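Reader: I should like to understand the reasoning behind the terms used for this protein. May I put some questions to you about it?

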Amino acid sequence: MLRGGRRAALLLAAAAGVAGAGTGALADRGGGDSATAVYASASPPLRQLLSGAAEGLRSGARLVSPWMLPPLYQGFPILNSFASASVSPANLSDQGSVGSSDDSRCCPGCLGRNSIAKAASAVGPAVVNISSIQDTHGWVLEQSIGSGTIIDPDGTILTCAHVVVDFQSTRAVVKRKVSVTLQDGREFEGVVLNADRHSDIAVVKIKSKTPLPAARLGSSAKLRPGDWVVALGCPLSLQNTVTSGIVSCVDRKSSDLGLGGVRREYLQTDCAINQGNSGGPLVNLDGEIIGINVMKVRDADGLSFAVPIDSVVKIVENFKKNGRVVRPWLGLKMLDLNPMIIAQLKEKSSSFPDVRNGVLVPMVTPGSPAERAGFRPGDVVVEFDGKPVESIKEIIDIMGDKVGVPFKVIVKRANNVTETLTVIPEEADVSR
């Protein structure tokens, strides 16, 4: 805390400098063992406000620090200078609002005053409410309410499979009908074109005589923990709801959440997500969809999850190409290696291969394509289909939707033995 008349004078002098130049800096080096530096900056409206006060300093008017007066007389005499300022205190808030309306950012990635509002308004018109009634023999069993996003003016909508499909049924997805309500209140009948229960992604189509508002797709690969994101949807049937937060994790694995089956990865955020948000978009500050909100941890705040949009795009491509999502299966349990894990494994066994990175195979499923190819527990995959690999995701990306196609794999074994294997993946049974 600044104390004494000298430091008070420095503050007022700095204000005078700010009034003229926008920034001010003064240092007090006299009469003491320590130096006091005062730095100040002000917006254009505030500089106008201080200009009158600065005139008082230049003319030699007596200015008294309030903390030097007895309690009865404490005040701030410099406020009297507002009478000669060009902007009155009453108009300061208005001037400040106008001055900062440009939403300027000091650097790329900074959160501006209107950043979240702009992101929400960019995608908001394309966010829809979806309701699906399960009618069996004339009895209405349940009404599922969720959200979705129009991604094409022709009426193509992304949403969650659990919003439009009966997860209790093992039957193939039929072209069932749902009700779709737009942000402007228009209602349409939609048809479920495709749904993948495993990834929980579905595509719905509505028909309109005029082009519909559509949201832009971004890239989830560019996300970093700490990036700002915005979630939109219809939680608890409350349409046009916007919440915001940050990305907590960009690659939360399904196994971390206790989910079985084929490996999936999610974006973890602390956005407020509730029942009805399912299928709604997660967007970046540019108003681009970077994920589809699918679930939250029950009885926990700040633990929400979305399917990365890069994964969603591949799912939609599978829908168009195959009518379903085709997932190759090798029968390997795999683990990404890094220098720390490699060092630990070498401490446990001196025969562990000399590798700098790769994918470890801790277990091989009996009767699987990998076992038939000759994989063994302890193998380290260093090359897949002629490409060096450092992660499971890279192997999955290389395989794509190729089933029945042979892949050459180079593995390293104990005592630096190198083997070349040929594996032919089968289509995954997601019930495994």
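Reader: What volume does the largest cavity have?

Author: In this predicted model, the largest cavity has a volume of about 40 Å³. A search of the whole structure for cavities of 30 Å³ or more finds one.

Reader: What makes a space a cavity, as opposed to a pocket?

Author: A cavity is a set of points where a 1.4 Å probe fits but cannot get out, whereas a pocket is an open set. The space of about 40 Å³ is therefore called a cavity because a probe placed there cannot get out.

Reader: Which residues line the largest cavity, and how do you know that they belong to the lining?

Author: A lining residue must have an atom within 4 Å of a point of the cavity. Among the residues that line the largest cavity are Gly 124, Asn 129, Gln 183, Cys 234 and Asn 240.

Reader: Which strand gives the most to the lining of the largest cavity?

Author: Strand S3 does, with three residues. Strand S3 spans 127-136, and strand S10, at 228-233, also supplies at least two residues of the lining.

Reader: Why is Asp 379 called buried?

Author: A residue counts as buried under 20% relative accessible area. Asp 379 has 1% relative accessibility, so Asp 379 counts as buried. Across the 432 residues of the protein chain, 40% count as buried.

Reader: Where in the chain is Asp 379 found, and which residues does Asp 379 touch?

Author: Asp 379 is found in the loop between helix H8 (369-373) and strand S19 (380-384). Leaving aside residues up to four places away in sequence, Asp 379 touches Val 359, Leu 360, Val 361, Gly 374, Val 411, Lys 412, Arg 413 and Leu 421.

Reader: What makes the pair of Asp 379 and Arg 376 a polar contact?

Author: A polar contact requires a pair of N or O atoms within 3.5 Å, one able to donate a hydrogen and the other to accept it. The backbone nitrogen of Arg 376 lies 2.8 Å from a polar atom of the Asp 379 side chain, and the pair therefore falls within the 3.5 Å cut-off.

Reader: How do you know what confidence the predictor has in the chain?

Author: The pLDDT gives that confidence for each residue, from 0 to 100. The protein chain averages a pLDDT of 80, and 70% of the residues score at least 70. Over residues 60-100, however, pLDDT stays under 50.

Key: Residues are numbered from 1 along each chain as its sequence is written. Side-chain values use heavy atoms; hydrogens and water are left out. Buried means under 20% relative accessible area, exposed over 50%, partly exposed in between (1.4 Å probe, protein chains only). Contact means heavy atoms within 4.5 Å. Helices (H or I, at least four residues) and strands (E, at least two) are DSSP runs, numbered from the N terminus. On a 1 Å grid over the protein atoms alone, a cavity is a set of points where a 1.4 Å probe fits but cannot get out, and a pocket is an open set with protein on both sides within 12 Å along at least five of seven lines; lining residues have an atom within 4 Å of a point. Grid points are joined across faces, edges and corners, and a volume is the space filled by probe spheres set on the points.
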